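Subject: Structure handover

Hello,

Here is the structure you are taking over, with my notes on it underneath. Please keep the 3D view open while you read.

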Amino acid sequence: MNIPKPLLVGNTFILLIFLMPIFYMFWRFANFSKNLASFLSSWDVLTLLSNTLLLFFAVIFSSLFLGLLISILTVRYEFPASKILFSLTILPLVIPSYIGALTYVSAFSPKGLFVNLFSKYGVSEIIGIEGFVGSWIVLTLFTYPYVQLICSSALRNLDSTIEDAARSLGVKKIKMYTKVVIPRLKKPIIYSSLLVGLYVISDFGAVSLMKYGTMTKAIYSYYVININGDPVIFYSTILILLALIISFAQRGSELSRSAKVSGTPREIKKIKLSQKNKVLVLTFFGIVIFFSLLLPVGVLSHWLIRGLANGNSVSGALSGVVGSLTAASVTSVFAMVIATPIVVMISQYRSKFGDLFEKVTLTLYGLPHIAVGISMLFITIKIFPAIYQTFTTLIISYLIVFLPQAVGGGQASMEQVKLSYIEASSGLGLSKLDTFFKVTFPLIYRGLVAGAALVFLSTMKELPQTLLLRPTGFSTMAVDIWSYASEALFTQAAFSAFILLAISAFPTYILSTRNLNN
């Protein structure tokens, strides 16, 4: 079917608006005030790029190890409280990396919380964690659930007959998983690892607090020194190019296009563990849950309880709660509205333009948030000064990076809209617009709402774009956490963090339990 002209024109306009930050940054990159060679010699480009890539690969490998191990243990083996432990190991997903980094910096600084708790045992100072090691630990602990969610779902859908045959032939467990199981999980492994990688190269909060030099940290540092400086343009463009390469690898590769696996699933008969192995497995889960969930929550609790006991007020943090709820609500509503015509065009009117639109839209999700924020900042200063530092600009910037979540939710629901429904409606004399409101929308609105909910949660946690683009006097919980922690106002930071985690935890728990029951 040909795409209706209003739908084509409207979606083309949306696409151009959303691609504007990329086009503008590339245009600025091509019009530097200096010679590119002088940039490469005067800035520590290779060091920052190598640091970013080192962290990228290190976090991917460690997240894959943890995520795959947890998936295999919970799906293929029987041990006490496996479902509860699976859900608990998913929950670190709700903790933004900057909150995790704050708690680790506080707990393990040379004279931090760890020293205070163990001073009576003779501990007076510790080395602390920062730099590459600190960034690697924190980002691993709060990204491995991506691998766990995707790979555990794929593992449940994997036919275990081959594993049973290998086991009956006496193949050792380690060899069976390395030679039989993991190769058959190639698609979800690649998909989840690239998802983790995109998160790592976009991260700003954790690497900044851990004082590790990456391109995101360099962008913000140069921005503070000179908002319109060439280094800001240079590093933002390089980061966008790197993210686009990874995104196209994730979205375009036949290996990573989906997390589906081959085989006919059947009911899995879990393997019983010996008493000794049960102890080892439960110890492993205890360690992971302690460092990824209990320790951050415990540190935040310590800040909050101690501060309230000392009479510290948290009323100033309430404006950030209101700001977050306002920005997230507006963004999610607009995301659902904008995603609707995109979903209809992509799903009902198959065309080359629709396929291109789908790939480009999904690729936007991988763009580094700080680079998008920088680009939107320059665009409003140079081209649209009337909306510089306004709520409108902030919402547009959120939509650029989070809209694919709403589109994905809508596309999943479009599978319920059969072509025969549309043809029957047309045969009854209904116009295309009437068909949409009476047939299509009632079938897809649940998916659109689910996608909008994801946009809501993502917007609530967003830090770099909010720091760069928020109107004067406007604050969110993410900004409050960052600002209060920078000023050592840990009680207020903990209050905002707890509210943010509470809002995010429930839907994440529902996601994990639904995944477990599939």
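Thr466 lies in helix α22, which covers residues 464–469. The model is a predicted one, and in it Thr466 has a relative accessible area of 0%. A residue counts as buried when that value is under 20%, so Thr466 is buried. Leaving out residues up to four places away in sequence, Thr466 touches Leu394, Tyr398, Thr476 and Val479. Ala327 is 139 residues from Thr466 in sequence, but the two C-alpha atoms are 9.9 Å apart in space.

Ala327 and Tyr398 come up again with another threonine, Thr459. Thr459 is found in helix α21, residues 432–461. With a relative accessible area of 4%, Thr459 is buried. Its contacts, apart from neighbours within four places in sequence, are Ala327, Ala328, Thr331, Tyr398 and Phe402. Tyr398 is therefore a residue to select in the viewer, since it is in contact with Thr459 and is also touched by Thr466.

Some totals for the protein may help at this point. The secondary structure comes to 24 helices and two strands. There are 518 residues, and 53% of them are buried. Contacts between residues at least 6 apart in sequence were also sorted by separation: 84% of them join residues at least 24 apart. The protein exposes about 23,500 Å², and carbon and sulfur atoms supply 67% of that area.

Next, helix α18, residues 369–382. Does its length fit what its residue count predicts, or not? At 1.5 Å a residue, its 14 residues should span 20 Å. The C-alpha atoms at its two ends are 20 Å apart, which agrees. Twelve of the 14 residues of α18 are buried, so the helix is largely enclosed by the rest of the structure. The buried residues include His369, Gly373, Ser375, Met376, Phe378 and Thr380.

After α18 comes a loop that leads to α19 (391–414), and Gln389 lies in that loop. Phi of Gln389 is near 55°, a positive value in a residue other than glycine. Its relative accessible area is 33%, so Gln389 counts as partly exposed.

Lys211 also has a positive phi in a residue other than glycine, with a value near 60°. Lys211 lies in the loop between α12 (205–209) and α13 (215–225). At 61% relative accessible area, Lys211 is exposed.

Two polar contacts between side chains are described below.

The polar contact between the side chains of Ser62 and Thr140 is 2.7 Å long. Ser62 is found in helix α3, residues 45–76. A relative accessible area of 14% makes Ser62 buried. Not counting residues up to four places away in sequence, Ser62 touches Trp136 and Thr140. Thr140 is thus listed both as a residue that Ser62 touches and as its polar partner.

The side chains of Asn312 and Thr491 are joined by a polar contact of 3.2 Å. Where is Asn312 placed? Asn312 is in the loop between α15 (275–309) and α16 (318–348). At 35% relative accessibility, Asn312 counts as partly exposed. Asn312 and Thr491 are 179 residues apart in sequence, while their C-alpha atoms are 7.1 Å apart in space. Apart from neighbours within four places in sequence, Asn312 is in contact with Gly307 and Thr491.

Last, the surface. Which residues make the nonpolar surface patch of about 420 Å²? The patch is made by Phe114, Leu117, Phe118 and Tyr121. One of these, Leu117, lies in helix α6, residues 113–118. The cut-off for an exposed residue is over 50% relative accessible area, and at 51% Leu117 counts as exposed.

When you go through the model yourself, you could begin with Thr466, which is buried, and end with Leu117, which is exposed.

Regards

Definitions and conventions: Residues are numbered from 1 along each chain as its sequence is written. This is a predicted model: local features need pLDDT of at least 70, side-chain atom pairs count only at pLDDT 80 or more; totals for chains, interfaces and linings use all residues. Side-chain values use heavy atoms; hydrogens and water are left out. Patches are made of residues with over 30% relative accessible area and no salt bridge: like charges are joined within 9 Å, nonpolar side chains (Val, Leu, Ile, Met, Phe, Trp, Tyr) within 5 Å. Accessible areas come from the Shrake-Rupley method with a 1.4 Å probe; for residues, only the protein chains shown count as cover. A salt bridge is a side-chain nitrogen of Lys or Arg within 4 Å of a carboxyl oxygen of Asp or Glu. Helices (H or I, at least four residues) and strands (E, at least two) are DSSP runs, numbered from the N terminus. Buried means under 20% relative accessible area, exposed over 50%, partly exposed in between (1.4 Å probe, protein chains only). A polar contact is a pair of N or O atoms within 3.5 Å; within protein, one must be able to donate a hydrogen and the other to accept it, and residues adjacent in sequence count only if both atoms are side-chain atoms. Contact means heavy atoms within 4.5 Å. The expected span of a helix is 1.5 Å times one less than its number of residues.
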